[in-house]
Amino acid sequence: MERILITGGTVLTMTGPDAVYEGGLVAIEDGRIAYAGPAQAAPAEVRAPGWAQRTIEATGRLVLPGLVNTHTHAAMVLLRGYADDMRLMEWLETKIWPVEANLTAEDVYWGTALACLESLLAGVTTFNDMYFFMADAARAVADTGARAVLSRGIIGSGEDFRSRLADAWDFYRAWHGKADGRVLTMLAPHAPYTVAPPELEKVAEAAAEMGVGIHIHLVETRDEVELLRQRYGKTAFEIIRDAGLTRHPVVGAHCVHPTDADMEIFAAAGGRVAHCPVSNLKLACGVAPILAWRRAGVPVGLGTDGAASANQMSLWGEIRLAALLQKNASGDPRAFTAYDAVHAATAGGARVLGLEDRIGTLEPGKRADLILVDARRPGLTPVHDPFSILAYSTNPGDVETVLVDGRVVVEDRRLTTMDAAEITAKAAEHARRLVGAA
Ligand SMILES: [Zn+2]
């Protein structure tokens with residue numbers, strides 16, 4: 001496979017706030033990072049003339065790991081802007097679920113392809129997805145060159161539940177570890193208020209057999225907390241613990257309203273939080289206590305949630321908002337720094353997905369998922385502090401080049417793997433049919 005050198009840029013390995021290498025070097029071989037750091041400290045072989053087949057000139061760019069979106073429903077980009085400014089349950093019951101009842105496999109393929117296109121152009125190289133028709137979502141990930149953890153959303157009881165769990169098994173057998181390892185799977189029971197404890201126990205058994213993690217919505221709203229208390233006399237975290245789900249790595253989306261005891265339960269179980277600040281504010285759910293989660297020892301990543309609620313798949317808004325919200329909530333601007341926010345979107349997100357051995361930092365041996373942000377643009381100039389630029393000033397259009405698995409998938413702000421105009425046209429056509437059929 002191609003050997004690539006990235007030269008002249010400011011390399012941020014995301015292994016620590018001091019790991020900033022101006023005029024740094026990244027060497028890539030067989031889809032992995034062979035070296036990342038100061039040019040003069042690179043092994044002689046990668047600096048030898050003719051080592052690389054391709055050199056990417058990165059002077060004036062920030063070179064960092066690809067962003068990791070830890071919670072989304074990718075194909076929901078088809079419902080972007082379809083129903084805004086509503087309460088969560090009303091929004092789900094009157095708008096989203098009726099339309100989703102008409103979803104087809106091709107809708108999900110083109111919707112996911114659009115989500116991949118938008119994500120990759122914004123520098124988001126990995127996303128953690130929960131939806132339907134996952135084999136078609138996986139085809140879109142494979143075709144666009146993105147990386148994703150994909151899970152068949154499981155909801156309901158009885159025959160509905162059984163057929164969805166069977167679907168999740170089929171998807172796992174067909175796709176786990178496929179597309180050169182870029183597609184992985186988890187099990188995704190929707191939430192403790194939509195999947196009852198006996199069914200959650202069956203999901204836990206399946207997770208043990210597959211050896212995969214769990215992706216689930218947890219305490220997104222106060223209403224949900226109250227509903228679970230009335231129905232079961234328990235919190236969501238007590239329910240998932242008692243059902244055996246926390247014997248597996250659990251990615252909890254939102255985690256806005258935990259009790260202190262919930263935090264202890266989740267921390268002891270090795271749980272992880274996917275923080276979705278834009279979605280939470282848009283649906284007036286509250287602000288997740290991210291500082292407390294981190295103090296409890298729970299890894300925190302950032303997520304967009306579906307574009308039907310968050311309206312976009314780029315993570316730059318979440319990075320900025322995560323920092324601003326925690327500063328404001330704590331009354332201390334030092335509480336969550338620019339570095340903390342960029343870390344949550346890269347290394348933190350990788351840890352949340354259990355992929356810290358593969359992605360999230362620029363270190364030898366890891367898969368070469370990385371992005372170049374053009375810091376020569378007016379809105380990013382001057383670069384006194386690269387983490388400040390990334391956390392507070394960068395927008396999706398500032399991302400110039402994107403590599404996934406050592407392959408250049410975005411070059412000069414254009415997708416190289418598929419025809420972007422075809423993706424947007426097909427997705428718009430499928431969105432019109434879907435909404436018209438509701
Ligand atoms: Zn969600």
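Which strand does Thr126 lie in? Thr126 sits in strand E9, which covers residues 124-131. That's one small corner of what you're looking at here, which is a predicted model. Taken as a whole, the chain has 17 helices and 20 strands. Its radius of gyration is 21 Å, close to the 22 Å that the globule rule gives for 438 residues, so the chain is as compact as a globular protein of that length.

**The whole chain**

- Draw a box around the C-alpha atoms along the principal axes, and you get roughly 65 × 45 × 40 Å.
- Buried residues account for 59% of the 438 residues in the chain.
- Take the contacts between residues at least 6 apart in sequence: 74% of them join residues at least 24 apart.
- About 16,400 Å² of the chain is exposed, and carbon and sulfur atoms supply 49% of that area.
- The chain carries 42 positive and 54 negative charges, and the mean positions of the two sets are 1 Å apart.

**Two domains**

- The chain splits into domain 1, made of 4-65 + 366-415, and domain 2, which runs over 67-352.
- The centres of domain 1 and domain 2 are 29 Å apart, going by their C-alpha atoms.
- Where the two meet, 30 residues of domain 1 are in contact with 29 residues of domain 2.

**Thr126, up close**

- Back to the residue we opened with: Thr126 is buried, at a relative accessible area of 1%. It counts as buried because that value is under the 20% cut-off.
- Leaving out residues up to four places away in sequence, Thr126 touches Leu67, Val68, Asn69, Arg147, Leu353, Leu355, Ile359 and Asp369.

**Leu200, up close**

- Leu200 belongs to helix H6, which spans residues 197-210.
- With a relative accessibility of 0%, Leu200 counts as buried.
- Leu200 and Ala243 are 43 residues apart along the chain, yet their C-alpha atoms are separated by 5.9 Å.
- Ala243 is also one of the residues that Leu200 touches, once you set aside residues up to four places away in sequence. The others in that list are Pro189, Pro192, Val195, Ile239 and Leu245.

**Backbone oddities**

- Some background first: most residues other than glycine have a negative phi, and most peptide bonds are trans.
- Met14 isn't a glycine, but it has a positive phi of about 65°. You'll find Met14 in the loop between strand E2 (10-12) and strand E3 (20-21).
- Asp180 isn't a glycine either, and it has a positive phi of about 60°. Its place is in the loop between helix H5 (158-175) and strand E11 (183-185).
- Are these two residues buried or exposed? Met14 is buried, with a relative accessible area of 1%, whereas Asp180 is exposed, with a relative accessible area of 68%.
- Then there's a cis peptide bond, which joins Thr381 and Pro382 and has an omega of about 0°. Look for Pro382 in the loop between strand E17 (370-374) and helix H16 (386-393).

How values were computed: Residues are numbered from 1 along each chain as its sequence is written. This is a predicted model: local features need pLDDT of at least 70, side-chain atom pairs count only at pLDDT 80 or more; totals for chains, interfaces and linings use all residues. Side-chain values use heavy atoms; hydrogens and water are left out. Helices (H or I, at least four residues) and strands (E, at least two) are DSSP runs, numbered from the N terminus. The radius of gyration is taken over C-alpha atoms; the globule rule is 2.2 Å times the number of residues to the power 0.38. Buried means under 20% relative accessible area, exposed over 50%, partly exposed in between (1.4 Å probe, protein chains only). Contact means heavy atoms within 4.5 Å. Accessible areas come from the Shrake-Rupley method with a 1.4 Å probe; for residues, only the protein chains shown count as cover. Lys and Arg count as positive and Asp and Glu as negative; His and the chain ends are not counted. The place of a charge is taken as NZ of Lys, CZ of Arg, CG of Asp or CD of Glu. Domain bounds come from an automatic or database domain assignment.
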